[in-house]
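Student: I would like a close look at a single part of this structure, with its surroundings brought in wherever they help. Please take it slowly and in one connected account.

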Amino acid sequence: MSTASTQAPATPQTTTGRRRWAVLAVAILACCALVRLLPRSTRPRHHRPTREPHVKPIGYWLNRTDKALTTSMNAVLAEFGLTRPAWQVLNVVGDDPQATDTGVLTVLAANADVTTLTEAIGTAVADGWAIRPEPGRVALTDDGRARLAEVGERVDAFRELSTAGITGEEYRLAVTVLERMTYNLENGAER
C-alpha cells in the first residue's frame, strides 16, 4: 500500500492552506522579522510611519527572506531532485485532478515567472512525478503521489524550523500587514 493511499484526501481547506503557504511564506516571514524591529506607535493607521535609521526597510527583509527560504528549501528538496518551484507545481497538480498547465501557471503566478514554472512542470513529467493524460493537462503518477508524501514530511519539518519563535498572532499580523501593503500598491498603481 502506497503512502499516498493512507493519507486523507485533500480538502479545500488543506489545499488553500498549502497554496497560501507557497504564496505568502516569503512575505510572512520577512514581515514577522520586521514587526519585531518596529517601535510601538500610537499614530493613526493612515499616517505614514517614518523609518528609524537603524531599521532596514521591508523590501530588504522580503528579499533576504525570499533568498533564505529558496536556498534552504532547495537544500531540503535536493535529494528528491526538486526545487522550490517544482515542489509548488507538484502540490498544485496533486490538489487538482483536472490540473492544466494554464491553471498551474495562474495559481503560482506570484511565486515564479512563466519560464521557471513551465520548466518545473516539464521536469515533473520527465522525472516520472507526473504524466500528461492529454495535451495541456498534467496529473501526478502513483509514484509521484507516494514520493510527494515523503517529501511532505521534510517540508513540514522545514516549515517548523522557518517559523520557530513566531506565534500564531505574529503570523496573522504579518499576513495582514503584507495584504494591506499589497492592496495599497496594487490599487495605487491603477489610479
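Tutor: A residue is called buried when its relative accessible area is under 20%, exposed when it is over 50%, and partly exposed in between, with a 1.4 Å probe and protein chains only. Helices (H or I, at least four residues) and strands (E, at least two) are DSSP runs, numbered from the N terminus. With those terms in hand, the part to look at is α3, which is mostly covered, since eleven of its twelve residues are buried.

Some ground rules come before the detail. This is a predicted model, in which local features need pLDDT of at least 70 and side-chain atom pairs count only at pLDDT 80 or more, while totals for chains, interfaces and linings use all residues. Residues are numbered from 1 along each chain as its sequence is written, and side-chain values use heavy atoms, with hydrogens and water left out.

The mean pLDDT (the predictor's confidence in each residue, from 0 to 100) is 80 for the protein, and 71% of the residues reach 70 or more. Residues 1-24 have pLDDT below 50, and this stretch has 26 contacts (heavy atoms within 4.5 Å) in the model beyond near neighbours in sequence. Residues 29-39 also stay under 50, with 27 contacts beyond four places in sequence. Where pLDDT is low, the predicted coordinates should not be read in detail.

The protein as a whole has seven helices and two strands, which follow one another in the pattern α-α-α-α-α-β-β-α-α. Of its 191 residues, 31% are buried.

Turning to α3 itself, its twelve residues reach 17 Å from the first C-alpha to the last, close to the 16 Å expected at 1.5 Å a residue, where the expected span is 1.5 Å times one less than the number of residues. The buried residues are Arg84, Pro85, Ala86, Trp87, Gln88, Val89, Leu90, Asn91, Val92, Val93 and Asp95, a list in which charged and polar side chains stand beside nonpolar ones. Asp95, which lies in this helix, is buried with a relative accessible area of 15%. The C-alpha of Asp95 is separated by 9.6 Å from that of Ala139, although the two are 44 residues apart along the chain.

What does α3 give to the interior? The largest nonpolar core (a set of buried Ala, Val, Leu, Ile, Met, Phe, Trp, Tyr and Cys residues joined through side-chain atoms within 4.5 Å) has 27 residues, and those with the most contacts inside it are Leu82, Val89, Trp129 and Val151. Two or more residues come from each of α2 (58-77), α3 (84-95), α5 (114-126) and α6 (142-162), and α3 gives the most, with six residues. Trp129 links to this helix directly, for among the residues it touches, not counting those up to four places away in sequence, are Leu90, Leu82, Ala124, Ala139 and Val151.

The other helices that contribute can be read against α3. In α5, Leu117, Ala120, Ile121 and Ala124 are buried, and they fall within an arc of 100° seen down the axis, so they line one face of the helix; the arc is that of the directions from the helix axis to the C-beta atoms. These buried residues pack against α3, α4 (101-107) and β1 (130-131), whereas Glu119 and Ala126, on the other side of α5, are exposed. In α2, the buried residues are Ile58, Trp61, Thr65, Leu69, Met73 and Leu77, which fall within an arc of 105° and so line one face of that helix. Asn63, Lys67, Thr71 and Ala75 are exposed on the other side of α2.

Finally, follow the chain out of α3 into the loop between α3 and α4, where Thr100 is placed. Thr100 counts as partly exposed, at 29% relative accessibility. Thr100 touches Gly136 and Arg137, not counting residues up to four places away in sequence, and the C-alpha atoms of Thr100 and Gly136 are separated by 5.6 Å although the residues are 36 apart along the chain. Such pairings fit the wider count for the protein, in which residues 24 or more positions apart account for 63% of the contacts with a separation of 6 or more.
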